[in-house]
Amino acid sequence: MSLDWVADAMKKTVPWVSTAGVEFLEVTSTRVTCSLPDREAHRNHVGGPHAAVIFGLAETASGALALAAFAPEMARATPLVVRSEIHYRKLALGPLTTTATLTRPAAEVTAELDAGTRPEFTVDCTIHNAEGTLTTELAVTWTLRPNRT
């Protein structure tokens, strides 16, 4: 099943994605890769993207992955962020690329939803600069909240 629609959905429903210039390079049900151009308006006092911009890039990729992995469940559940933890490893300069990876099989998460629980799942994100150097790591824990009927 093609997941090309995920990038369009993110750009239409999350205005920041288009405003910031996030581009989707790869979207699968287990991995999403996004890029962000180097823009002067995004920079902080040391010349790199502001921490909020870096976080936003990775969180966007994690959200796209949640949508791609659990699209069949969207009629009955809403994905929501529960918590996140970010580690800034090296000063990020220039354009950035993030890869978000699902840390456990979607089928396990769906089985928990089927069993009547509110499952949680984590998406790990790595952010690299144009030279391929790891600059940031982010773990985003999501839940699938059953929709009220």
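This is a dialogue on reading the sheet, the salt bridges and a surface patch in a predicted model.

Biologist: Where should I begin with the sheet, and in what order do the six strands stand?

Modeller: Begin with the strand order. Here the six strands run β1-β2-β4-β5-β6-β3 in an open sheet, and their pairing is antiparallel.

Biologist: Which strands stand at the edges?

Modeller: β1 (23-27) and β3 do. Each has a single partner strand, so one side of each lacks a neighbour in the sheet.

Biologist: By how many degrees are neighbouring strands turned against each other?

Modeller: The average for this sheet is 20 degrees, with direction ignored.

Biologist: How do I read the pairing inside the sheet? Take β4 and strand β5: over how many bridges do they pair?

Modeller: Follow the bridges along the two strands. β4 and β5 (residues 120-129) pair in the antiparallel sense over seven bridges. Two positions show the register: Thr97 stands opposite His128 in β5, and Leu102 stands opposite Val123 in β5.

Biologist: And over how many bridges do β5 and β6 pair?

Modeller: Nine, again in the antiparallel sense. As an example, Asp124 has Ala139 in β6 as its bridge partner.

Biologist: What should I look at in the hairpin of β5 and β6?

Modeller: Look at the turn. Four residues lie between the strands, and among them Gly132 takes a positive phi near 90 degrees.

Biologist: Which residues of β5 belong to its covered face, and which to its uncovered one?

Modeller: Phe121, Val123, Cys125, Ile127 and Asn129 make up the covered face of β5. The uncovered face holds Glu120, Thr122, Asp124, Thr126 and His128. The two residues named earlier as standing opposite β4 therefore fall on separate faces: Val123 is on the covered one and His128 on the uncovered one.

Biologist: Which strands does helix α4 lie across?

Modeller: Helix α4 (residues 106-114) lies across β3, β4, β5 and β6. Its angle to β6 is about 30 degrees.

Biologist: Now the charged side chains. What is the general idea, and how many salt bridges are there?

Modeller: Opposite charges on side chains can pair when the charged atoms come close. With nitrogen and carboxyl oxygen within 4 Å as the cut-off, the count here is nine salt bridges.

Biologist: Which parts of the chain does the pair of Arg89 and Glu137 link?

Modeller: The side chains of Arg89 and Glu137 meet at 2.7 Å, N to O. The pair links distant parts of the chain, with Arg89 in the loop between β3 and β4 and Glu137 in strand β6 (residues 134-146), 48 residues apart. Arg89 has a relative accessible area of 49% and Glu137 one of 26%, so both count as partly exposed.

Biologist: At what distance do Arg104 and Glu108 meet?

Modeller: Their salt bridge is 3.4 Å, N to O. Arg104 is partly exposed at 21% relative accessibility, and Glu108 is partly exposed at 41%. Elsewhere, salt bridges with shared partners join Glu73, Arg76 and Asp114 into one network.

Biologist: Last, the nonpolar surface: which residues make the patch of about 250 Å²?

Modeller: Val46, Leu91 and Leu93 make it. Leu91 sits in the loop between β3 (77-88) and β4 (96-102).

Biologist: Why can Leu91 be counted in a patch?

Modeller: A patch residue needs over 30% relative accessible area. Leu91 is partly exposed at 44%, so Leu91 passes that cut-off.

Note on methods: Residues numbered from 1 in each chain as written. Predicted model: local features only at pLDDT ≥ 70, side-chain atom pairs only at ≥ 80, totals over all residues. Heavy atoms only, no water. Patch = residues over 30% accessible without salt bridge, like charges linked within 9 Å, V, L, I, M, F, W, Y side chains within 5 Å. Areas by Shrake-Rupley, 256 points an atom, 1.4 Å probe, with all protein chains shown as cover. Buried < 20%, exposed > 50% of the residue type's maximum accessible area, 1.4 Å probe, protein only. Pairing = 2+ DSSP bridges. Axes fitted to C-alpha atoms, helices over the stretch in contact; angles between N-to-C directions. Contact = heavy atoms within 4.5 Å.
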